[in-house]
Amino acid sequence: MKRKVFILSLLASLALAIDYFAETRNGYFDSKVYYGAIQYWFHGDGGMVYDWLRPGTPYGFTYPPFAGLVMAPMAVLPFGAVVVIAVIATLLTTALLTWWFAGPLIKRMGWPVWYAFGIACCLAVIFEPVRETITFGQVNTLLLTLVAGDMLLGVARGRRWAGVGIGLATAVKLTPGVFILYLLVTKRWRASAVATGTAAAATLVGGAVFPDESREFWTSALWDTNRVGVLSFLSNQSERGFLARLPIDRVESKVWLACVLVTLAFWVYRVRKEPADVLGGLALTGVVGCLVSPVTWIHHCVWLIPALVRCVDAGLSGRDRRPLYLAGAAFVLMTSHLAWLWEKAPRPPLYVLGGNLYVYFSLALLAWTPMGAPRPLTRPDTDTGGDVSGLSAAPGRVSSVNEP
């Protein structure tokens, strides 16, 4: 009991420290955009949610109408309550994700579970994308939890409902739709159909409740990149952001399209070689989603966490330590806030070198995150009760279900 209290106290202290700096760092900027748009939508003069822009900025609500429906409680909650709920939800989902990804390694290495888990949670919380998710008031870890839970507890076990979480996440924000592509590439036809059907059904619900908003989103707001920010801004750590920071304006879009096709082709090659490795597939698909999306702000890079944990797992469990070194270097540099030191550096070449750290490490993780077919979880007629330990076994390593 004392261990649990210690861990919870440590996490609470970290959260309070991050929350203290949040107002000066990002001031829950995205939560204020969501809140302002929802308040205007429900209490304004009949305007649509996409009509509202935060005063003095070009930023407005950029999600589909279904996401607005999910956020509808903001219409009656005070902003302070929204912030508290967002911070607590981020901390809880981060802890759950840490357990899913790192818990099996902790048990297998024989470390004291609560202490090791507490340290892992603290490392996850100080990881800059998670930290930025808290200070912006974003929904990234909630979406990652939906997708990861679906992949590890549904897709990996062939559940009939597999795909629902991916579909719901895609209906809230379009970028998780890359996981539907993963299901198609790995020939999981049923799960891909469920995911597609869920996303379509949720989108239709949003369209039925808010037909005008749906028409506006799909025909206008979705394509207005000014609503999300400048592509060349340093925080955009996608391939498109990298290219936007180069002096190639005339051919940028064509080069980006070529890069996306090459990146996707390499990703398809890797995940199709090991279709049974669902955690590996989750890791690589999270990485490729960050790379090919036109806009991947640093706080979106929570999708790199599965790849980082897989590299640590493989490096500690096998003889090859290179994945461990890759994960360690990536974590340290992504947590150090070092990329921002280059924000006002001359460009190019220094800006290109230091201002794209996340892009470079994402490419490295896509290329070198270990993949391998994990052992079968259970016999088809056995329920594992939610244990996903088999999915995190290091590539090529066979372990027992009851292994400590």
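Buried means under 20% relative accessible area, exposed over 50%, and partly exposed in between. Keep that handy for the exercises below, and bear in mind that this is a predicted model.

**Exercise 1. Sort the two rings of a helix α5 pair**

Work out whether Trp114 and Phe117 are buried, partly exposed or exposed.

Solution.
- Step 1: take Phe117, which has 12% relative accessibility. The cut-off for buried is under 20%, so Phe117 counts as buried.
- Step 2: take Trp114, at 32% relative accessibility, which makes this residue partly exposed.
- Step 3: place them. Both Trp114 and Phe117 belong to helix α5 (residues 113-126), and they are three residues apart, about one turn of the helix.

**Exercise 2. Follow a ring pair from one helix to another**

Find out which parts of the chain are tied together by Tyr35 and Phe79, and how their rings meet.

Solution.
- Step 1: get an overview. Searching the whole structure turns up 18 aromatic pairs.
- Step 2: look at the geometry. Among those pairs is Tyr35 with Phe79, with 5.3 Å centre to centre and 65 degrees between the planes. Planes over 60 degrees apart count as edge-to-face, and that's the label for Tyr35 and Phe79.
- Step 3: locate the partners. Tyr35 is in helix α2 (residues 29-43) and Phe79 is in helix α4 (residues 79-109), so the pair ties together parts that are 44 residues apart in sequence.
- Step 4: check the exposure. Tyr35 is buried, at 16% relative accessibility, whereas Phe79 comes out partly exposed at 23%.
- Step 5: set the helix α5 pair beside this one. Trp114 and Phe117 are edge-to-face too, with 6.0 Å centre to centre and 75 degrees between the planes.
- Step 6: look for a bigger group of rings. Ring pairs join Tyr34, Tyr50, Phe61, Tyr63, Phe217 and Trp218 into a cluster.

**Exercise 3. Trace three salt bridges**

The structure holds six salt bridges. Pick out the partners of Arg108, Arg240 and Asp277, and say which parts each bridge ties together.

Solution.
- Step 1: start with Arg108. Its side chain meets that of Asp313 in a salt bridge, 2.3 Å from N to O. Arg108 sits in helix α4 and Asp313 in helix α15 (residues 305-317), so this bridge ties together parts 205 residues apart in sequence. Arg108 and Asp313 are both buried.
- Step 2: move on to Arg240. Its partner is Glu252, at 2.8 Å from N to O. Arg240 belongs to helix α12 (residues 239-244) and Glu252 to helix α13 (residues 252-273), so the parts tied together are 12 residues apart in sequence. Arg240 is buried, with a relative accessible area of 16%, and Glu252 counts as buried at 10%.
- Step 3: don't leave Arg240 yet. Its charged end also sits over the ring of Trp256, 4.8 Å from the ring's centre.
- Step 4: finish with Asp277. This residue forms a salt bridge with Arg310, where the closest N and O atoms are 2.9 Å apart. Asp277 is in the loop between α13 and α14 (278-292), while Arg310 is in helix α15, so the bridge ties together parts 33 residues apart in sequence. Asp277 is buried at 1% relative accessible area, and Arg310 is buried at 2%.

**Exercise 4. Head for the surface**

Say which residues make the nonpolar surface patch of about 290 Å², and whether Arg322 is buried or exposed.

Solution.
- Step 1: name the patch. Val84, Ile88 and Leu92 make it up.
- Step 2: zoom in on Ile88. This residue lies in helix α4 and is partly exposed, with 46% relative accessibility.
- Step 3: turn to Arg322, in helix α16 (residues 322-335). Its relative accessibility is 61%, so Arg322 counts as exposed.
- Step 4: add a distance. The C-alpha atoms of Arg322 and Val312 are 9.4 Å from each other, with these positions 10 residues apart along the chain.

**Exercise 5. Sum up the whole chain**

Describe the chain by its helices and strands, its buried share, its contacts and its surface.

Solution.
- Step 1: count elements. There are 18 helices and zero strands.
- Step 2: take the buried share. Of the 404 residues in the chain, 53% are buried.
- Step 3: consider the contacts with a separation of 6 or more. Residues 24 or more positions apart account for 74% of them.
- Step 4: close with the surface. The accessible surface is about 18200 Å², and carbon and sulfur atoms hold 67% of that.

Note on methods
Residues are numbered from 1 along each chain as its sequence is written. This is a predicted model: local features need pLDDT of at least 70, side-chain atom pairs count only at pLDDT 80 or more; totals for chains, interfaces and linings use all residues. Side-chain values use heavy atoms; hydrogens and water are left out. Rings of Phe, Tyr and Trp (its six-membered ring) pair if their centres lie within 6.5 Å; planes under 30 degrees apart count as stacked, over 60 as edge-to-face and the rest as tilted. Helices (H or I, at least four residues) and strands (E, at least two) are DSSP runs, numbered from the N terminus. Buried means under 20% relative accessible area, exposed over 50%, partly exposed in between (1.4 Å probe, protein chains only). A charge sits over a ring if NZ of Lys or CZ of Arg is within 6 Å of the ring centre and within 35 degrees of the ring normal. Contact means heavy atoms within 4.5 Å. Accessible areas come from the Shrake-Rupley method with a 1.4 Å probe; for residues, only the protein chains shown count as cover. Patches are made of residues with over 30% relative accessible area and no salt bridge: like charges are joined within 9 Å, nonpolar side chains (Val, Leu, Ile, Met, Phe, Trp, Tyr) within 5 Å. A salt bridge is a side-chain nitrogen of Lys or Arg within 4 Å of a carboxyl oxygen of Asp or Glu.
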